[in-house]
Amino acid sequence: MSVQTKKTVLFICNHNSARSQMAEGLLRSLCGEQYEACSAGSNPRDVNPYAVKVLAELGMDISHHRSKSLLEFEGVKFDYVVTVCGGGGDTCPFFPGGKIYLHEDFDDPVAVDGTDSERTEAFRKIRDEIKTWIQESFRWEC
């Protein structure tokens, strides 16, 4: 009987407050038996409450997550390093510990300035885009 090891994934973005946090939570929920997901940023900020809110709508709890610096993972090797920033012109940080690098542009929902309802909708839109991307990109193993 062989022991299957989980593949490791690091989602990175600039602030590790929204997109990378949602990606980490979604991959853990959708494919947790196959993947160990982490997230970090080059300039970490608090986890955005809208990210927590919209994942809770899908039954996923990331309220215990904390934003982490890329420096916390210095020297760690990951099977996948995934950048999820770049939408709206922001520049993604680089992490030198990946076997495979993936990138997908997702607009930053934090940049939406509007009513509570408009901000919530912006986060839902990005959450759904990230979920679809994860299901398509990792579908052969989830």
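**Entry 1: helix α1**

I started on helix α1, residues 19-31, where glutamate 24 and arginine 28 sit four residues apart, about one turn of the helix. This is a predicted model, so I am reading it as such. I checked whether the two side chains actually meet, and they do: glutamate 24 and arginine 28 form a salt bridge, 3.2 Å from N to O.

Next I looked up how buried or exposed each partner is. Glutamate 24 has a relative accessible area of 4%, so I put it down as buried, the cut-off being under 20%. Arginine 28 comes out at 37%, so I noted it as partly exposed.

**Entry 2: between helices**

I then went for a pair that links distant parts of the chain. Aspartate 116 forms a salt bridge with lysine 53, with 3.7 Å between the closest N and O atoms. I traced where the two sit: aspartate 116 is in helix α3 (residues 116-137) and lysine 53 is in helix α2, 63 residues apart. On accessibility, aspartate 116 has 46% and is partly exposed. Lysine 53, at 33%, is also listed as partly exposed.

**Entry 3: glutamate 72 and the network**

Which partner does glutamate 72 meet in a salt bridge? I found arginine 66, with the side chains 2.8 Å apart, N to O. Glutamate 72 is partly exposed at 42% relative accessibility, and arginine 66 is partly exposed at 48%. Right after that I wrote down a network: salt bridges with shared partners join Glu57, Glu121, Arg124, Arg127 and Asp128. For the tally, I get twelve salt bridges by the distance rule.

A reminder to myself on the background: side chains of opposite charge can pair when their charged atoms come close.

**Entry 4: leucine 70**

Last stop was a residue in a loop. Leucine 70 lies between α2 (49-56) and β3 (78-83). Is leucine 70 buried or exposed? I have it at 11% relative accessibility, so leucine 70 counts as buried, since the limit is under 20%.

I wanted to know what leucine 70 touches, so I skipped its neighbours within four places in sequence and listed the rest. The contacts of leucine 70 are Leu10 and Ile12, then Ala40, Gly41 and Ser42, and finally Pro93, Phe94 and Phe95. I also looked up asparagine 43: its C-alpha is 8.4 Å from that of leucine 70, with their positions 27 residues apart in sequence.

Methods: Residues are numbered from 1 along each chain as its sequence is written. This is a predicted model: local features need pLDDT of at least 70, side-chain atom pairs count only at pLDDT 80 or more; totals for chains, interfaces and linings use all residues. Side-chain values use heavy atoms; hydrogens and water are left out. Buried means under 20% relative accessible area, exposed over 50%, partly exposed in between (1.4 Å probe, protein chains only). Contact means heavy atoms within 4.5 Å. A salt bridge is a side-chain nitrogen of Lys or Arg within 4 Å of a carboxyl oxygen of Asp or Glu.
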